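User: I am new to this structure and would like a close look at its nonpolar interior. Please set the surrounding parts beside it so that I can place it.

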Amino acid sequence: MAAAGCVGVAVLGLLLTVALRRDPDGGEPMAVASIEKRVAPVSSVPATADASTSRGPASAAQLENSAGVTVTRAGEDAPDAIIITIPSEARTIKLATAPDSRLAERSRYGLLPKLGPDGATPARIYARPLGLEPEPKPAGRIALLVGGLGISQSGTADAIAKLPPPVSLAFAPYGTELERTVQRARSEGHEVFLQLPMEPFDYPDNDPGPHTLLTGPKAPDNIDKLHWALGRFTGYVGIVNFLGGRFTADESALSPILRELAGRGLMVVDDGSSPRSLLAGSADRARIPALKIDRVIDGVTRADAIDKELAALENLAREQGIVVAAASALPVSIERINRWAQSLDAKKLVIVPVSAARGFRTAKPPVSPRTTGSLR
């Protein structure tokens, strides 16, 4: 009976344990608490708290004492200081996206430039903006147009990468992947021009290439040739002649081309290679924004000769306020321009886009022939 009583007690205890464990709250004390939302207490600190309670240094002197940072005031010398210039993204000059649908006309040769319905022109929209006026005021400005790009891929890549962004680039209408290459140049900040092949005096012995604009009996085909060249890529500010001694001296051959360019809102640049050229003057009379190159800096393709021409540009820029020069995308020219450009800040001279040079030139009084230099 004792053993049976022990077994009974054990069974009863087991049943009690199982019953209690089925209920999560079995055997636990319970209580109900109400939760009330309360408004956060308003700070009793007055709005005009004492300066001693504010966080951070109250002055440059306190910063120096607490952090060991030396603060150099304006006008003080800092001979051993390391100055770090952080470029501001807001001041980065970016060119407008091309093609702009307002300024593009479809043709069998691709997209051709045109005037926008709101009066916008490729000459203005695709130009590189000048940005903020440098401080202090420059002693002179130099506009530089480097041409012959688009044919040699390596030479074109070097020019895009090594030349300062304000240098304008001119692309021949030949070569492969022109659109992509031109857009890469524009993404680096270079405004671009289209080089139009024009008939030289010794044509066809000296042949600028296919679709050359010609004088004489073949002149009626020139508009179609012009459309072919205009459709090779987009985003250019205007055109510059490639050779063309005979063509630019023939008013009857020039006139239809200039009328077409005027109706498309393009700028015209005379490369200055021919003293008989009527291109810039005729474009001016047709109310086309036009410009003539003052000097070609690599007529002699030696480093010392190019350096001499670049030094002459500096003198002309100081005398005239603005000088416009041209160069070819030869390796020696790119290398000498790149080195020279790095010295201009110390000389208080700046490079400006070719599109802006016309505005600076018209703002200046006429310059005597003695200071203009010779045209090549």
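Analyst: A nonpolar core is a set of buried Ala, Val, Leu, Ile, Met, Phe, Trp, Tyr and Cys residues joined through side-chain atoms within 4.5 Å. Buried here means under 20% relative accessible area. The model is predicted.

The largest nonpolar core has 57 residues. Those that touch the most other members are Val 146, Leu 169, Phe 171, Ile 239, Ile 297 and Trp 340. Trp 340 can be followed further: beyond its neighbours within four places in sequence, Trp 340 is in contact with Ile 142, Leu 144, Leu 310, Glu 314 and Ile 351. Another core lies apart from the largest one and has 26 residues, including Tyr 126, Met 267, Leu 291 and Val 324. In soluble globular proteins, nonpolar side chains tend to be buried together.

Tyr 126 leads to a charged residue. Leaving aside neighbours within four places in sequence, Asp 100 is in contact with Ile 125 and Tyr 126. Asp 100 sits in the loop between α2 (60-67) and β1. With a relative accessible area of 15%, Asp 100 falls under the 20% limit and is therefore buried.

The strand that follows this loop is β1. Strand β1 (residues 104-107) runs antiparallel to β2 (residues 110-113), and four bridges join the two. They form a hairpin with two residues between them. Within the pair, Arg 106 stands opposite Leu 111 in β2.

The pockets come next. The largest has a volume of about 980 Å³. It is lined by 34 residues, and the closest to its centre are Ile 93, Arg 128, Leu 130, Pro 166 and Ile 351. Ile 351 is thus a link back to the core, as one of the contacts of Trp 340. Two elements, α5 (178-187) and β11 (349-352), give two or more residues to this lining. The largest share, four residues, comes from β11. By class, the lining of the largest pocket holds 19 nonpolar, six polar and nine charged residues.

The second largest pocket holds about 520 Å³ of space. Among its 27 lining residues, Gly 147, Gly 148, Gln 195, Ala 327 and Ser 328 are the closest to the centre. Two or more lining residues come from each of β3 (140-149), α4 (153-162), β6 (236-243) and β10 (322-328). This lining divides into 13 nonpolar, 11 polar and three charged residues.

Technical notes: Residues numbered from 1 in each chain as written. Predicted model: local features only at pLDDT ≥ 70, side-chain atom pairs only at ≥ 80, totals over all residues. Heavy atoms only, no water. 1 Å grid on protein atoms, 1.4 Å probe; cavity = no way out; pocket = protein on both sides within 12 Å on 5 of 7 lines; lining within 4 Å. Points joined across faces, edges and corners; volume = space filled by probe spheres on them. Nonpolar A, V, L, I, M, F, W, Y, C, P; charged D, E, K, R; others polar. Pairing = 2+ DSSP bridges. Buried < 20%, exposed > 50% of the residue type's maximum accessible area, 1.4 Å probe, protein only. Contact = heavy atoms within 4.5 Å.
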